[in-house]
Amino acid sequence: MTKFQQEENSPVQKGKNFEIKIEKLLTDANIKCEITGGPGNKGIDIKGMKKGVKFIIECKNWRTKNIDRSIINQIEEVLSRQLNGTIGIVAAPSMNRYTPGAKETARTSIYNVILVDN
């Protein structure tokens, strides 16, 4: 395997590719958004607005690791610094990646937290 192939298959590159995929799905649906991912993104990989409602997305392209309530707690922390009414979305490759605790934490959050898959 070449160095380029190794970099292309790295977890970081897979994460970037997942962010690009989610952003494309949204823009294809005429939803204005932009990728903000990268070092220092403060938990926001994509941000956007639809019909005056702001949203932030945390992308987790984890194929072997489950998304637990700590990730939901992180997006709640980010939402606490956003304008009231901002929606927080966690995007994963499959709904099966979310633990029951993550689902319950999102469901009972004082913030607008939505769990999605692609």
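In this predicted model, a good place to begin is the open sheet, which is built from 5 strands in the order 1-2-3-4-5 with mixed pairing. The edges of the sheet are held by strand 1 (32–35) and strand 5 (112–117). Each of these has a single partner strand, so one of its sides is left without a neighbour in the sheet. If you look from strand to strand, neighbours are turned against each other by 20° on average, direction ignored.

Let us follow the sheet to the edge at strand 5. Here strand 4 (residues 87–92) pairs with strand 5 in the parallel sense, over 6 bridges. In this pairing you can find Ala92 standing opposite Asp117 of strand 5. Strands of a sheet pair through backbone hydrogen bonds, in either a parallel or an antiparallel way. Helix 3 (residues 69–79) packs on the sheet, where it touches strand 3 (53–59), strand 4 and strand 5. The direction of helix 3 makes about 150° with that of strand 4.

From here, turn to the open space in the model. Rolling a probe the size of a water molecule over the atoms shows where empty space is left. The largest pocket has a volume of about 370 Å³. It is lined by 15 residues, and the closest to its centre are Pro11, Val12, Lys14, Gly15 and Trp62. Two elements, helix 2 (11–28) and strand 3, give two or more residues to this lining. Helix 2 gives the most, with 6 residues.

Next come the cysteines. How many disulfides does the model have? The count is 0. A disulfide is a covalent bond between the sulfur atoms of two cysteines. For Cys33, the closest cysteine sulfur is that of Cys59, and the separation of 9.7 Å is too far for a bond, since the cut-off for a disulfide is within 2.5 Å. Cys59 is likewise in no disulfide, with the sulfur of Cys33 as its nearest cysteine sulfur. Are these two residues buried or exposed? Cys33 is buried, with a relative accessible area of 14%, and Cys59 also counts as buried, at 8% relative accessibility.

A last stop is Glu104, which you will find in helix 4 (residues 100–107). Glu104 counts as partly exposed because its relative accessibility is 37%, and partly exposed covers the range between under 20% for buried and over 50% for exposed. Along the chain, Glu104 and Leu79 are 25 residues apart, and their C-alpha atoms are separated by 17 Å.

Technical notes. Residues are numbered from 1 along each chain as its sequence is written. This is a predicted model: local features need pLDDT of at least 70, side-chain atom pairs count only at pLDDT 80 or more; totals for chains, interfaces and linings use all residues. Side-chain values use heavy atoms; hydrogens and water are left out. Buried means under 20% relative accessible area, exposed over 50%, partly exposed in between (1.4 Å probe, protein chains only). Helices (H or I, at least four residues) and strands (E, at least two) are DSSP runs, numbered from the N terminus. Two strands pair if DSSP finds at least two bridges between them. Axes are lines fitted to C-alpha atoms, for helices over the stretch in contact, and angles run from 0 to 180 degrees between N-to-C directions. Contact means heavy atoms within 4.5 Å. On a 1 Å grid over the protein atoms alone, a cavity is a set of points where a 1.4 Å probe fits but cannot get out, and a pocket is an open set with protein on both sides within 12 Å along at least five of seven lines; lining residues have an atom within 4 Å of a point. Grid points are joined across faces, edges and corners, and a volume is the space filled by probe spheres set on the points.
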